[in-house]
Amino acid sequence: MITVNTLQKMKAEGEKIAMLTAYESSFAALMDNAGVDVLLVGDSLGMAVQGRQSTLPVSLQDMCYHTECVARGTQNAMIVSDLPFCAYQQSKEQAFAAAAELMAAGAHMVKLEGGVWMAETTEFLQMRGIPVCAHIGLTPQSVFAFGGYKVQGRGDKAEALLNDAKAHDAAGAAIVLME
């Protein structure tokens, strides 16, 4: 089974890591059998599966259900599940409760969106045994604050994005995704 240690070793050895999005058991099994290293159960399921206009209406219950489905089809790949909008931003304790539900549903790691302001939550979760993938830059849960899906981190904002990455790295994030 792929673990955080496996991914760290792959990175150190210059191996490519394959990460794809899955929402249900049969595609998860196909991807797992094909050797995909990481399966993301993304809140993008709101748009891709539920026909919604954004990721914002996706609930924690939706994420748990789809995480369970993906886990049933997976034997080797690491499963990373998104913490959905409003399930973790209120407090570190709220984030822990939501992350624990996703882990119980079959996730091996949770993904949260946000820059420096979420690094304390990243540290809080990882100190309690929950691996975190930090997602910075173009974060769909903040799409309305950005005024749409626009490239982030250009020009004078590049340094802020780098600071976001460094903050999550220092907080113990296992993975930092930048879009």
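Contact here means heavy atoms within 4.5 Å, and with that in mind the tour of this predicted model can open on a helix and its neighbours.

Select helix 4, residues 60–72, whose 13 residues reach 18 Å from the first C-alpha to the last, close to the 18 Å expected at 1.5 Å a residue. Within helix 4, show the side chains of Leu60, Met63, Cys64, His66, Thr67, Cys69 and Val70, which are buried. An α-helix has 3.6 residues a turn, so residues three or four places apart point the same way. Keeping the buried residues of helix 4 in view, add the elements they pack against, namely helix 2 (25–33), strand 2 (38–41), helix 3 (45–48), strand 3 (78–82) and helix 5 (92–105).

Next, move to strand 5, which is mostly covered, with 5 of its 5 residues buried. Val132, Ala134 and Ile136 point one way from this strand, while Cys133 and His135 point the other way. In a regular strand the side chains alternate between the two faces of the sheet.

Now centre on alanine 134, which lies in strand 5 (residues 132–136) and counts as buried because its relative accessibility is 0%, where the cut-off for buried is under 20%. Displaying glycine 114 as well shows a residue 20 positions away in sequence whose C-alpha lies 7.2 Å from that of alanine 134.

Finally, add strand 4, residues 109–113, which pairs with strand 5 in the parallel sense over 4 bridges. Following the chain from strand 4 through helix 6 (residues 119–126) to strand 5 traces a right-handed β-α-β crossover. To end the tour, select glutamate 113, which stands opposite histidine 135 of strand 5.

Key: Residues numbered from 1 in each chain as written. Predicted model: local features only at pLDDT ≥ 70, side-chain atom pairs only at ≥ 80, totals over all residues. Heavy atoms only, no water. Helix = DSSP H or I, 4+ residues; strand = E, 2+ residues; numbered from the N terminus. Buried < 20%, exposed > 50% of the residue type's maximum accessible area, 1.4 Å probe, protein only. Pairing = 2+ DSSP bridges. Right-handed = clockwise from strand over helix to strand, strands pointing away. Expected span 1.5 Å × (residues − 1).
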